[in-house]
Amino acid sequence: MIYKFKENRVWRAYFGGERLDSFAGKKEQVRGRRPEEWIASTVTAFNADRPQEREGISICQNGENFAELIEKNPEEMLSKELSQKFGGKMSILVKLLDAGERLVIQCHPTVPFAKKEFGSQFGKTECWYILDADETANVYLGFKEGITKEYWKSLFDSQDIKGMLDCLHNHKAKKGDLFFVEGGVPHAIGGGCLMVELQEPSDLMVIPERKTPSGVELADIKLHGGLGFEKMWDCFNYDGMSSQEILDKYYRHIDENKMGIIPVVDQELTERFSLSLLRFEGEYELSLDGKYAVCVVTDGEFDLKEGSEVYHFKKSDNFFIPASADKLCFTGKGEIALCFAGNVNNIAEKP
């Protein structure tokens, strides 16, 4: 069975959402504070100003709670291997994200830091695959050389936002770009980007900006994530790099003309997750060899046959393929972002 999801917009501190509406083909594009679509999510968003809402958990098209489905059938949904490895939990989270303005500077924990300080088996290493971008779109990624914890903390104390941004490398972002963000690496997404974000399944972060660029004040606990204002600075990796070193380590560009299975994030970048694009026209067969996948239709319209069931998908639809799925048969034309837990090197494809 393939699981298709209802819309799952999540409240955030920054503004956006118009590109998500346009991507979904809606007549009205609305700017607001629901700029993210969380897909196949078993994670609750940490919104300090809305703690009672418990937003983020995906609901399937048939009304079933996706987190409960995973809890009831972990081996069927995730595979025996991954279910046992992560205690029956999904180890990835996928989002569509529309940055209608620059996001605040932030940093996410590595797995060792998350285990020690947050009591979580997951950190928040992530990646951004750019689906669309304004001409002025950019991202900030990684410290420049020579930035110390003491200097970084002094910029927080004075709330010198320009000084903070000047500590980070500023890179132009365009359609087809991939930026990888390791835990511990400070970063900020600039305004004007629509992206698929694949990450570890947590909402853990620390933030050195007390206000968003549009003036939304952040609660203290949102800034330090519960660590306190002294411990939060230990989350950052202060090993600076040159701009070219950042690009060499964390950046790729994907050829928009390639067809078939196109690796985007593989084991050269991380062992935690994988991202591939599937581009096809006509009939296409695919076997995931017992792996589960979270899928975002980034272009096209097609039918997908799995077992005796046929499903219809179009641009902006998203769905989950369980580990127990049979061979997949696609008919039509499309592009799909396939998001996997761990490394996936043995996808069997047959155009």
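The questions and answers below concern a predicted model and look at its sheet, its salt bridges and one buried glutamate.

User: What is the order of the strands in the open sheet of seven strands?

Analyst: The strands of this predicted model include an open sheet of seven, in which the pairing is antiparallel. The edge strands, each pairing on one side only, are β2 and β11, the latter spanning 251–253. Read across the sheet, the order is β2-β3-β4-β10-β5-β8-β11.

User: Which helix packs on the sheet, and what angle does its direction make with that of β11?

Analyst: The helix in question covers residues 243–250 and touches β8 (177–181) as well as β11. This helix is α9, and its direction makes with that of β11 an angle of about 60 degrees.

User: Are the residues on the two faces of strand β3 buried or exposed?

Analyst: In a regular strand the side chains alternate between the two faces of the sheet. In β3, which runs over residues 36–39, Glu 36 and Trp 38 lie on one side, while Glu 37 and Ile 39 lie on the other. Both faces of the strand are covered, and these four residues are all buried.

User: How many bridges join β3 to strand β4?

Analyst: Strand β3 pairs with β2 (residues 9–10) in the antiparallel sense over two bridges, with Val 10 standing opposite Glu 36 and Arg 9 standing opposite Glu 37. Strands β3 and β4 (residues 93–99) also run antiparallel, and here the bridge partner of Trp 38 is Lys 95. The number of bridges that join β3 to β4 is four.

User: How many residues apart in sequence are the parts that the pair Arg 9 and Glu 37 ties together?

Analyst: The side chains of Arg 9 and Glu 37 meet in a salt bridge, with 3.7 Å from N to O. Because Arg 9 lies in strand β2 and Glu 37 in strand β3, the pair ties together parts of the chain whose separation in sequence is 28 residues.

User: Which residues are linked with Arg 9 and Glu 37 in a network of salt bridges?

Analyst: The structure holds 27 salt bridges, and one of them brings together the side chains of Lys 26 and Asp 21, at 3.7 Å from N to O. Lys 26 is partly exposed, with a relative accessible area of 33%, whereas Asp 21 counts as buried because its relative accessibility is 5%, and buried means under 20%. Linked in the network with Arg 9 and Glu 37 are Glu 7, Asp 21 and Lys 26.

User: Where does Glu 268, the partner of Arg 252 in a salt bridge, lie?

Analyst: The side chains of these two residues meet at 3.3 Å, N to O. Since Arg 252 belongs to strand β11 and its partner lies outside that strand, the pair ties together parts that are 16 residues apart in sequence. Glu 268 is exposed, with a relative accessible area of 67%, and its place is the loop between β12 (260–265) and β13 (273–287).

User: Which side chain makes a polar contact of 2.7 Å with that of Glu 126?

Analyst: Glu 126 lies in strand β5, residues 126–133, and is buried, with a relative accessible area of 2%. Leaving aside its neighbours within four places in sequence, its contacts include Phe 180, Val 181, His 187 and Phe 273. A polar contact of 3.3 Å joins its side chain to that of His 108, while the contact of 2.7 Å is made with the side chain of Lys 124.

Notes. Residues are numbered from 1 along each chain as its sequence is written. This is a predicted model: local features need pLDDT of at least 70, side-chain atom pairs count only at pLDDT 80 or more; totals for chains, interfaces and linings use all residues. Side-chain values use heavy atoms; hydrogens and water are left out. Buried means under 20% relative accessible area, exposed over 50%, partly exposed in between (1.4 Å probe, protein chains only). Two strands pair if DSSP finds at least two bridges between them. Contact means heavy atoms within 4.5 Å. Axes are lines fitted to C-alpha atoms, for helices over the stretch in contact, and angles run from 0 to 180 degrees between N-to-C directions. A salt bridge is a side-chain nitrogen of Lys or Arg within 4 Å of a carboxyl oxygen of Asp or Glu. A polar contact is a pair of N or O atoms within 3.5 Å; within protein, one must be able to donate a hydrogen and the other to accept it, and residues adjacent in sequence count only if both atoms are side-chain atoms.
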